[in-house]
Amino acid sequence: DSCPPPPSQPSRTVSVVTQPPVDEAVLVASLGAFGTPRSISPLAQKGAYSATFFDLRAAVAAANRLHGATLGGSRVRARFLDDAAWRQGLLAVHGVAPTVHNVEVATLFRNCGDVMDVRGGGGLRVVCFYDVRHAYAALALSGTELHGQPIHVLTAALAAAATGGGLSPSALPSPPAHSFA
């Protein structure tokens, strides 16, 4: 029998179920082949684990490659858990001069790591990194001048709290496209 495909909305957290269960060390080593996991936790179901990756691309690769594969003689089902963990790589950039193009914002932030997308316009831009560690490093860019104006960089969660509601969904980048071939 075939495994149903993983959900279409990727996140940094992947559920991995092996039947029959495999040794945890084998699973940890297999997941690590796709990138550094931030955490790996057992779930209530025997042989089931959740793995959260720092890098969204690592989670997508793990789900793509492990789903339907055989690991240590066991069939693997992998799917994204329905959460907003992929949004942890979002930063809100305030004070951007209206003359600054999103390409220029992306160029500045690429000094800290791979940028997935830049959205918005006017004084607020939203920068999304693939890797949350790169987003945290980019917080240091607060105070940097673009077109003669200092920018202020906040995590998207802090920016939402400061504005009393949140960022517009249209300003948030979509997760990267992927396939489950």
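I started with R57 and looked up its accessibility: in this predicted model R57 has a relative accessibility of 34% and counts as partly exposed. The value falls between the 20% and 50% limits, so I did not enter R57 as buried or as exposed.

Next I looked for the salt-bridge partners of R57. One is D55, with N to O at 2.7 Å between the side chains. I checked the accessibility of D55 as well: its relative accessible area is 13%, so I entered D55 as buried.

A second partner of R57 is D114, and here I noted 2.8 Å between the closest N and O atoms. I then asked where the two residues of this pair lie. R57 is in helix α2, while D114 is in the loop between α3 (102-109) and β7 (115-121). The two are 57 residues apart in sequence, so the salt bridge ties together separate parts of the chain. For D114 I wrote down a relative accessible area of 40%, which makes D114 partly exposed.

I moved on to R133. Its salt bridge is with D131, and the closest N and O atoms are 2.7 Å apart. R133 is partly exposed at 38% relative accessibility, whereas D131 is buried at 3%. I also followed shared partners: D55, R57 and D114 are joined by their salt bridges into one network. My tally of salt bridges is four.

Then I turned to the sheet. I read its strand order as β2-β3-β1-β5-β4, five strands in an open sheet with antiparallel pairing. Which strands stand at the edges? They are β2 (37-42) and β4 (70-71); each has a single partner strand, so one side of each lacks a neighbour in the sheet.

I looked at one pair of strands in detail. β1 (residues 13-19) and β5 (residues 74-80) run antiparallel to each other and are paired over six bridges. For T18 I found V76 as the bridge partner in β5.

Last, I checked what packs on this sheet. Helix α1 (residues 24-32) does, with contacts to β1, β2, β3 (48-53) and β4. I noted an angle of about 30° between the directions of α1 and β3. Helix α2 (residues 56-66) also packs on the sheet, and the strands touched are β1, β3 and β5. The direction of α2 makes about 145° with that of β5. This brought me back to R57, which lies in helix α2.

Definitions and conventions. Residues are numbered from 1 along each chain as its sequence is written. This is a predicted model: local features need pLDDT of at least 70, side-chain atom pairs count only at pLDDT 80 or more; totals for chains, interfaces and linings use all residues. Side-chain values use heavy atoms; hydrogens and water are left out. Two strands pair if DSSP finds at least two bridges between them. Helices (H or I, at least four residues) and strands (E, at least two) are DSSP runs, numbered from the N terminus. Contact means heavy atoms within 4.5 Å. Axes are lines fitted to C-alpha atoms, for helices over the stretch in contact, and angles run from 0 to 180 degrees between N-to-C directions. Buried means under 20% relative accessible area, exposed over 50%, partly exposed in between (1.4 Å probe, protein chains only).
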